[in-house]
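Here is an informal tour of one protein model, section by section. Have a look at the sequence and the fold first, then read on.

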Amino acid sequence: GQQKEDPMPEKNQAALDFLAKRRSHSPKLLTTPVPSKDELTALLTLAARSPDHGALAPWRFIVIEKPAMARLADGRTLIFSEDAHSDPRGREALLYTGDPAAPGPAPLRFFYDAEGKGLVSDAAPLPDGRVLLVHRRLGLSPIFTTTLAIVDPADIAKDAVVRSVAIGQVPAPLADNYEGAAVMRRDGRTFVWLVADNNFNAWQRSLLVEFELVDLPGSKKAAR
């Protein structure tokens, strides 16, 4: 028999008024507060129900929370996330050709396999073009283990699995919840600054520590 068509929905003036007033804004103009997880779930659910003529499914949603970002010397931007989707290959990470907040091509997705080092809390470019990654892992004694490792952007390709080389750990007397890193050159030597804050907890500390990077694998320079 003939397929029965769904009746046209009734006019929804509220929806029409909203569409007439909506505006697009550059990501650079967006500020806090960010959507909660429940709000984000609702937004993604609605976005997934947008019209898809021809069943092409031309969309993919990647939610990056608590990102670790590093701007490379050539202008590209690397983004790692503690909360990104994890599959057997590793956690999803992104490589942008430029500024992630500026209009441009879609980022290249790859997978980062930390090999048990922990979750990436920050990233910082090194003078030789590679990237320093700060990993934190929770435990009992110590509560926090911070591992520094190096990843080479040259290993990144679409859907590739990328791994890093560990260069050292923050010593036990200084162990804490390090979430920020910066690399600097001084008198021909390379140093990394790590920062931790106490998050208003009595069992955490606010620390700013500096280590010199020497004898790194692949460039004849490890952390000390």
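## The middle of the four-stranded sheet

Let's start with strands E7 and E8, which run antiparallel and are joined by eight bridges. This is a predicted model, so keep that in mind for each value below. If you want one spot to click on in this pairing, take Leu132, whose bridge partner in E8 is Ile150. The connection from E7 to E8 is a hairpin that goes through five residues.

Zoom out and you get an open sheet of four strands, ordered E6-E7-E8-E10 and paired in the antiparallel sense. At its edges sit strand E6 (119–125) and strand E10 (165–169), each of which pairs on one side only. On average, and ignoring direction, neighbouring strands of this sheet are turned by 25° against each other.

The other two pairings fill in the picture. E6 and strand E7 (residues 131–138) are antiparallel, with six bridges between them, and here Ala123 has Leu133 in E7 as its bridge partner. On the far end of the order, E8 and E10 run antiparallel and share four bridges. In that pairing, Ala149 stands opposite Ala166 in E10.

## How enclosed is E8?

How many of the eight residues of strand E8 (residues 144–151) are buried? Eight of the eight, so the strand is largely enclosed by the rest of the structure. Buried here means under 20% relative accessible area.

You can see this on both faces of E8, which are covered. One side carries Phe144, Thr146, Leu148 and Ile150, the other Thr145, Thr147, Ala149 and Val151, and all of them are buried.

## Ser121 on the edge strand

Ser121 belongs to strand E6, which is one of the edge strands of the four-stranded sheet. Is Ser121 buried or exposed? Its relative accessibility is 8%, so Ser121 counts as buried.

What does its side chain reach? The side chain of Ser121 gets to the backbone oxygen of Tyr178 at 3.0 Å. Tyr178 also turns up in the contact list of Ser121, together with Ala68, Glu82, Val134, Arg136 and Glu179, once neighbours within four places in sequence are set aside.

## Aromatic pairs

There are three aromatic pairs in the structure. One of them is Phe80 with Tyr112, an edge-to-face arrangement at 5.5 Å centre to centre and 80° between the planes. Phe80 lies in strand E2 (residues 77–81) and Tyr112 in strand E5 (residues 108–113), so this pair ties together parts that are 32 residues apart in sequence. Both rings belong to buried residues: Phe80 has 3% relative accessibility, and Tyr112 has a relative accessible area of 5%.

Phe144 and Trp203 make a stacked pair, with 6.1 Å from centre to centre and 10° between the planes. This pair links distant parts of the chain, with Phe144 in strand E8 and Trp203, 59 residues away, in the loop between strand E12 (189–196) and strand E13 (207–213). The two partners differ in cover: Phe144 is buried at 9% relative accessibility, whereas Trp203 is exposed, with a relative accessible area of 52%.

Back at the edge-to-face pair, there is a cluster to look at: ring pairs link Phe80, Phe110 and Tyr112.

## The three-stranded sheet

Strands E11, E12 and E13 form an open sheet in the order E11-E12-E13, with antiparallel pairing. The edge strands are strand E11 (178–186) and E13, and each pairs on one side only. From one strand to the next, the twist averages 20°.

E12 and E13 are antiparallel and pair over seven bridges. A handy marker is Trp193, whose bridge partner in E13 is Glu210.

## Helix H1 and the overall numbers

Why does helix H1 (residues 13–21) lie largely in the open? Of its nine residues, the number buried is zero. At the start of H1, a side-chain oxygen of Asn12 comes to within 3.1 Å of the backbone nitrogen of Ala14.

As for the whole protein, the secondary structure amounts to two helices and 13 strands. Of the 224 residues, 32% are buried. The accessible surface is about 14700 Å², and 56% of that belongs to carbon and sulfur atoms.

Notes. Residues are numbered from 1 along each chain as its sequence is written. This is a predicted model: local features need pLDDT of at least 70, side-chain atom pairs count only at pLDDT 80 or more; totals for chains, interfaces and linings use all residues. Side-chain values use heavy atoms; hydrogens and water are left out. Two strands pair if DSSP finds at least two bridges between them. Axes are lines fitted to C-alpha atoms, for helices over the stretch in contact, and angles run from 0 to 180 degrees between N-to-C directions. Buried means under 20% relative accessible area, exposed over 50%, partly exposed in between (1.4 Å probe, protein chains only). A polar contact is a pair of N or O atoms within 3.5 Å; within protein, one must be able to donate a hydrogen and the other to accept it, and residues adjacent in sequence count only if both atoms are side-chain atoms. Accessible areas come from the Shrake-Rupley method with a 1.4 Å probe; for residues, only the protein chains shown count as cover. Contact means heavy atoms within 4.5 Å. Rings of Phe, Tyr and Trp (its six-membered ring) pair if their centres lie within 6.5 Å; planes under 30 degrees apart count as stacked, over 60 as edge-to-face and the rest as tilted.
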